[in-house]
Structure formats: C-alpha cells, structure tokens
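Biologist: Please take a close look at one part of this model for me, the place where two chains meet. I would like the details in one connected account.

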4 protein chains.
Amino acid sequence: MSGFIPRNAEFESVVRESFRRQTLMATLGATIDRLEAGAVDLRLPYSAALCQQNGYLHAGAIASVADSANGYAAYTLAPVDTDVLAVEFKINLLQPARGSYFIAHGRVIRPGRTLTVCQADVLAHDGDLQVLIATMLSTIIVRPRTTGTEIS
Amino acid sequence: MSGFIPRNAEFESVVRESFRRQTLMATLGATIDRLEAGAVDLRLPYSAALCQQNGYLHAGAIASVADSANGYAAYTLAPVDTDVLAVEFKINLLQPARGSYFIAHGRVIRPGRTLTVCQADVLAHDGDLQVLIATMLSTIIVRPRTTGTEIS
Amino acid sequence: MSGFIPRNAEFESVVRESFRRQTLMATLGATIDRLEAGAVDLRLPYSAALCQQNGYLHAGAIASVADSANGYAAYTLAPVDTDVLAVEFKINLLQPARGSYFIAHGRVIRPGRTLTVCQADVLAHDGDLQVLIATMLSTIIVRPRTTGTEIS
Amino acid sequence: MSGFIPRNAEFESVVRESFRRQTLMATLGATIDRLEAGAVDLRLPYSAALCQQNGYLHAGAIASVADSANGYAAYTLAPVDTDVLAVEFKINLLQPARGSYFIAHGRVIRPGRTLTVCQADVLAHDGDLQVLIATMLSTIIVRPRTTGTEIS
C-alpha cells in the first residue's frame with residue numbers, strides 16, 4: 001500500500017501494454033513481478049548472455065531493468081493520454097550481480113505534474129539469500145501523448 | 001592523442017580479450033570502434049530488439065554501451081593483472097535514441113591509482129547527421145586480479 | 001538501531017572532533033542532531049544568508065549538509081586512524097527548501113573496506129509539518145590517515 | 001563563442017540581477033567571472049571559513065558554485081519572464097580542493113524548452129597551476145514566473 005492515488009483508473013493495463021512494447025525487456029528476459037500505484041517490480045532471471053567479463057550480470061542489464069521499473073512506477077501515477085521518459089538516472093553498484101534471479105523494486109519517491117522522482121533497489125536472489133546489489137535514482141518526465149516523443 | 005601513458009604495454013589486447021567475455025555486448029550487437037590509451041569508442045547498431053515503448057533505443061541499451069565504453073577507457077590505463085568494475089554511473093538522456101547506429105565515446109577524465117573517473121558521450125548517427133543523445137559520468141575502481149571480484 | 005557494528009569504539013568522539021574542524025558547517029550554522037553507528041543527522045536552521053534567488057535555501061546549502069551527513073555516517077563505521085572523503089554524490093531536489101529548519105538524515109546503505117555508499121534524506125520542518133525536500137546518494141572512500149589527503 | 005542564440009536580449013542583466021539575490025553566493029564570497037549566452041563562470045576565493053576537516057574547501061562549497069554556474073548558464077538561454085531551478089545534480093570530486101581560488105565553468109550541453117542540461121568543470125588555481133578538481137552534470141527546469149516557485 002503506497003498511499004498514492006492513481007489519476008488513471010486503467011493504469012495497470014496501460015503499464016502492461018507499454019511494457020509489452022519494450023522489446024529490450026523481452027530480449028533481456030524481464031517480466032513484471034508486481035504492479036501497484038506508485039510501485040513496479042521487474043524480475044530478471046540470470047542469463048549467461050547478459051554478463052560482464054567475470055560472469056556476473058552486466059551493470060547495463062541491471063540498469064536496464066531498474067530504469068524500466070522506475071519509469072513504470074512513475075507511469076502508474078500519470079494521467080490518461082500521457083507518456084513517460086527517463087530524463088536521467090544514477091545507479092550505485094553495491095555488490096557483484098550474482099544470483100539466480102534479480103528483482104528491481106521501483107517506487108515513486110516524489111510524484112509531480114511534470115517531473116517524478118523514483119528509486120529502484122535491485123536485489124539478487126540465490127536460494128534463500130537475497131542481497132541488495134544496486135540502487136538507482138531516476139528523474140522521469142510525464143508528457144501529453146500529443147507532444148510527440150521529444151524530451152522537451 | 002589523449003596524452004595518457006598506459007602502464008600495461010599490452011593494454012589493447014587485454015581490453016579486447018575482456019570485451020569478448022562481456023556476453024551482454026554480443027547480445028546487444030556492440031563492437032569496439034576505436035581503442036587507444038584513455039579512450040574507447042563502442043558502436044551499437046539500431047535493432048528493433050533493443051527498444052523502449054516508442055521504437056527508440058531503450059535507455060538501458062544506451063547506458064550499457066556507455067558503461068562498457070567508460071570501463072574499458074579506464075582499463076586501457078590500468079596496470080598489469082588488474083581488473084576494473086563500475087562503482088556507479090549517472091547518465092543524462094538528452095534526445096530520443098533514434099538513428100541507424102550509435103557510438104559511445106568513453107574517455108578518462110581523471111585517472112587514479114584506485115579510482116578512475118570517465119565520461120562517455122553517445123552520438124546517434126543517421127545518414128550524415130549526428131546528434132548527442134546522452135552523456136554519462138562513471139566512477140570505476142581498479143583492483144588487483146587476486147582480490148577476487150568483490151567491490152571492496 | 002542500525003545493526004552496524006563499529007570498528008572504532010571511539011567513533012562518536014572521532015566524528016564529533018572531525019565535524020568541529022569542518023569550518024563550512026559552522027559558517028552555515030549546521031550542528032549534529034543525532035549520531036549512531038551507520039547514521040548521522042545534521043540540523044541546519046533557515047538563514048537569510050544561505051538562499052537562492054527566491055528566498056529558499058540554496059541547493060548548495062542543502063547539498064553541503066547532506067554531503068557531510070553521509071560522510072560522517074560512513075565515518076562512524078571506519079577503522080581507527082582512517083579518514084573519509086566523498087568521491088561523488090548526486091542529489092535530487094524534490095521541493096523548494098522552505099522551513100524553519102532542515103534535517104539531513106545520512107545513513108550507510110552499503111559499508112565497505114574501501115568504498116561506502118550512503119543516502120541522505122533531507123526534511124524541511126515548519127511548525128508541525130515536515131516535508132522531504134531532497135535525497136542524496138554518495139560514494140565515500142575510506143583511507144588510512146598515513147596515505148595523505150589525496151583521492152587515490 | 002558558444003553558438004547559442006539567447007531568447008532574452010536582456011539575459012545578462014537578468015542573470016546578474018538574479019545572482020545578486022542569491023545570498024549564499026555572497027556568504028561564500030563567489031562572484032561572476034564571465035557571462036555569455038550558454039556559459040557562466042563563477043569565481044570562489046579560498047577561505048578558511050569554507051573548509052572540510054583537512055583544510056581543503058568543503059565539497060559543499062564547490063558544489064554550491066558549480067550548481068549556480070550551471071543554473072545561470074541555463075538561465076542565459078531562457079525566455080523572458082521565466083525562472084530556473086535545479087532539478088538534480090551529480091558531482092565527481094576529482095582532487096582535493098586546494099588553491100588560492102576556484103573557477104566553476106558552467107555551460108549548456110543541451111538546451112530545451114522545459115529541461116536544460118549543463119556541465120560545470122571546477123578548476124583550482126594556485127599561482128600558475130590550474131587543476132581540474134570536480135565536474136558536475138545538472139538538470140535544470142525552466143518555468144514561467146507565474147507558475148510560482150514549485151518544482152512542477
């Protein structure tokens with residue numbers, strides 16, 4: 001229970017439909033694990049095709065799912081007929097990304113008319129263990145769909 | 001000509017060998033476009049499999065190549081028998097990532113014994129046009145290989 | 001109760017002594033509000049001498065206390081005869097900084113032998129109201145005192 | 001010569017007038033060193049009142065002038081009757097801040113209708129020496145003055 005009141009009653013289907021169009025998420029193998037107003041969790045299974053030089057998940061794969069988790073957390077609170085774009089994000093990589101799967105927990109920390117700020121914690125899961133491996137702060141812009149797709 | 005003096009005469013082969021082990025780079029389709037002491041350019045062709053919801057390249061794909069470009073720029077200056085890991089990075093997404101291919105220009109802006117700071121500008125290329133679409137600041141740690149793979 | 005076990009039994013006096021040497025904190029009027037292993041809160045009263053163009057506290061004043069709160073949170077966990085330096089930080093400014101006083105709540109989110117990552121939430125207080133106005137992620141390096149004062 | 005075309009012919013006086021209202025700049029001792037369309041340099045003399053625990057300038061003092069340099073660089077390109085606010089910034093501290101004075105060179109790297117991205121390099125000057133001690137990436141929002149002072 002986040003306490004956020006969505007402005008679009010159809011936010012869940014709108015988010016799921018947009019997520020399906022993100023082909024990078026399918027390429028990486030990411031899926032939506034949880035979705036509520038103000039919070040979206042994405043799940044990324046370990047894959048030998050997504051690694052850095054030592055066999056851990058590449059920071060870019062982790063950043064990709066954290067970025068989408070934050071963007072969709074913002075999108076759950078957006079009005080009808082808007083779209084969201086990441087303006088910028090910063091990620092701290094806290095531990096090597098090893099585990100059987102990873103969950104990026106995106107949540108809104110500051111909703112806004114134009115700009116929304118979100119934070120995603122990424123946990124690695126391995127058997128019963130779970131470890132915080134990264135945290136990301138993102139700034140997301142909410143724009144009318146009619147504006148086109150430019151960052152304004 | 002960056003003016004940096006590499007501490008490992010074999011830096012080019014060391015970087016190329018490490019890059020080949022980054023399976024995410026192969027999955028995305030990224031290749032090394034240029035490699036010199038203190039600077040590495042990575043090339044990423046547009047692919048419909050790497051997009052966000054509007055058909056532009058996903059910020060995560062852009063961040064992945066910028067992160068590797070910066071990491072390998074740092075690695076060109078690292079001593080023998082070390083490895084590099086990104087500690088954190090921050091990226092500003094300046095324009096939608098559309099184009100036929102993208103080049104992430106990673107360069108060292110502050111070399112260090114333990115920590116190296118790099119910046120990558122990412123340009124989208126479309127015919128004769130090239131547009132700056134993103135810039136990333138990264139902090140990279142250089143560690144002895146014998147330390148293991150932990151972020152210390 | 002943070003759950004962190006300090007490596008220096010004298011951490012409280014070591015932190016307080018270092019804080020007294022930070023002349024910027026005295027110039028701004030900041031004081032230590034709370035200090036425990038892994039967490040330091042700094043208090044900054046509103047002052048007409050620390051403002052931006054609209055009479056709110058300048059982002060730089062907010063960033064200064066958040067940076068010190070994070071640095072000292074890291075320092076509470078550092079071994080004897082070490083010092084800490086901020087390597088980098090990123091701050092999101094969430095609301096205008098208005099209020100009668102401000103508390104920067106710095107806490108360790110990832111302790112490390114060399115690098116510690118901290119987050120500071122800054123709250124504005126005005127009568128009974130308190131509002132989250134900023135959040136900062138910081139990377140801090142812990143070094144032996146004998147290393148000198150260089151960022152290594 | 002930045003190549004930017006200002007939208008407000010009076011940008012120089014508008015920026016200087018706003019800077020005079022930033023009381024933190026006077027408290028720190030910062031002055032405008034250069035001002036043109038798309039670029040603002042601020043000068044900060046060393047002061048024993050602005051230090052961290054080792055007698056170097058505190059990262060917060062450096063961040064304060066870099067933040068204002070970037071904000072005013074953005075403001076030089078803003079239309080009439082607008083104001084600017086920093087949404088977020090990230091700074092890498094590259095070397096200890098020692099020197100007799102410091103120049104924060106703020107410049108626009110991506111002008112926008114709503115959001116402008118700037119980068120500030122901070123150089124320490126000591127006799128004939130100058131050293132890059134920090135670099136900051138900032139996201140700045142440009143808003144109509146009638147909107148009030150909220151980050152929207």
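Biologist: Which residue of β3(D) stands opposite C:Ile91?

Modeller: The residue is D:Phe89. Keep in mind that this is a predicted model. Start with the strands that hold this pair. β3 of chain C covers residues 82-93. β3 of chain D also spans residues 82-93. The two strands run antiparallel to each other and are joined by five bridges. C:Ile91 facing D:Phe89 therefore belongs to a pairing between two chains, since strands count as paired when DSSP finds at least two bridges between them. One general point helps when you look at the side chains here. In a regular strand they alternate between the two faces of the sheet.

Now the charges. C:Glu88 and D:Lys90 form a salt bridge. Their closest N and O atoms are 2.7 Å apart. The cut-off is 4 Å, so the pair qualifies. In total, the rule finds two salt bridges across the interface of chain C and chain D. Polar contacts add to the picture: 32 residue pairs make one between these chains, both residues being at pLDDT 80 or more.

Which elements build the chain C side? Those giving two or more residues are α1 (11-21), α2 (23-28), α3 (59-75) and β3 (82-93). The largest share comes from β3(C), with 11 residues. By class, the side of chain C that touches chain D has 22 nonpolar, 14 polar and seven charged residues.

Next, the extent of the contact. Chain C brings 43 residues to it, and chain D brings 43. The area buried between them is about 3,400 Å². Carbon and sulfur atoms give 49% of that area.

The geometry is worth a check. A rotation of 180 degrees superposes chain C on chain D. The shift along the axis is 0.0 Å, and the RMSD is 0.0 Å. In chain C, the C-alpha nearest that axis belongs to C:Lys90, at 2.0 Å. Both copies use the same surface: 100% of the contact residues of chain C recur in chain D.

Step away from the interface for a moment and look inside chain C. Strand β4 (residues 101-110) has strand partners within the chain. One is β2 (residues 39-45), which runs antiparallel to β4(C) and is joined to it by seven bridges. In that pairing, C:Val40 stands opposite C:Gly106. Another is β5 (residues 115-126), also antiparallel to β4(C), with nine bridges. There, C:His105 has C:Asp121 of β5(C) as its bridge partner. β4(C) and β5(C) form a hairpin, with four residues between them.

Chains A and B offer a second interface to read alongside. Their β3 strands pair too. β3(A) and β3 of chain B (residues 82-93) run antiparallel over five bridges. Here A:Phe89 stands opposite B:Ile91. A salt bridge links the side chains of A:Glu88 and B:Lys90, with 2.7 Å from N to O. The rule finds two salt bridges across this interface. It also finds 32 residue pairs in polar contact, with both residues at pLDDT 80 or more.

On the chain A side, α1 (11-21), α2 (23-28), α3 (59-75) and β3 (82-93) each supply at least two residues. β3(A) gives the largest share, 11 residues. The classes are 22 nonpolar, 14 polar and seven charged. The contact takes 43 residues from chain A and 43 from chain B. These chains bury about 3,400 Å² between them, 48% of it on carbon and sulfur atoms.

As for symmetry, a turn of 180 degrees with a 0.0 Å shift along the axis lays chain A on chain B, at an RMSD of 0.0 Å. That is the relation of a two-fold axis. The C-alpha of A:Lys90 is the one in chain A nearest the axis, 2.0 Å from it. Of the interface residues of chain A, 100% are also interface residues in chain B, so the copies meet through the same surface.

How values were computed
Residues numbered from 1 in each chain as written. Chains lettered and ligands numbered in written order. Predicted model: local features only at pLDDT ≥ 70, side-chain atom pairs only at ≥ 80, totals over all residues. Heavy atoms only, no water. Contact = heavy atoms within 4.5 Å. Buried area = accessible area lost by both parts, 1.4 Å probe. Polar contact = N/O pair within 3.5 Å; in protein donor to acceptor, adjacent residues only side chain to side chain. Nonpolar A, V, L, I, M, F, W, Y, C, P; charged D, E, K, R; others polar. Least-squares fit on C-alpha atoms with pLDDT ≥ 70 in both.
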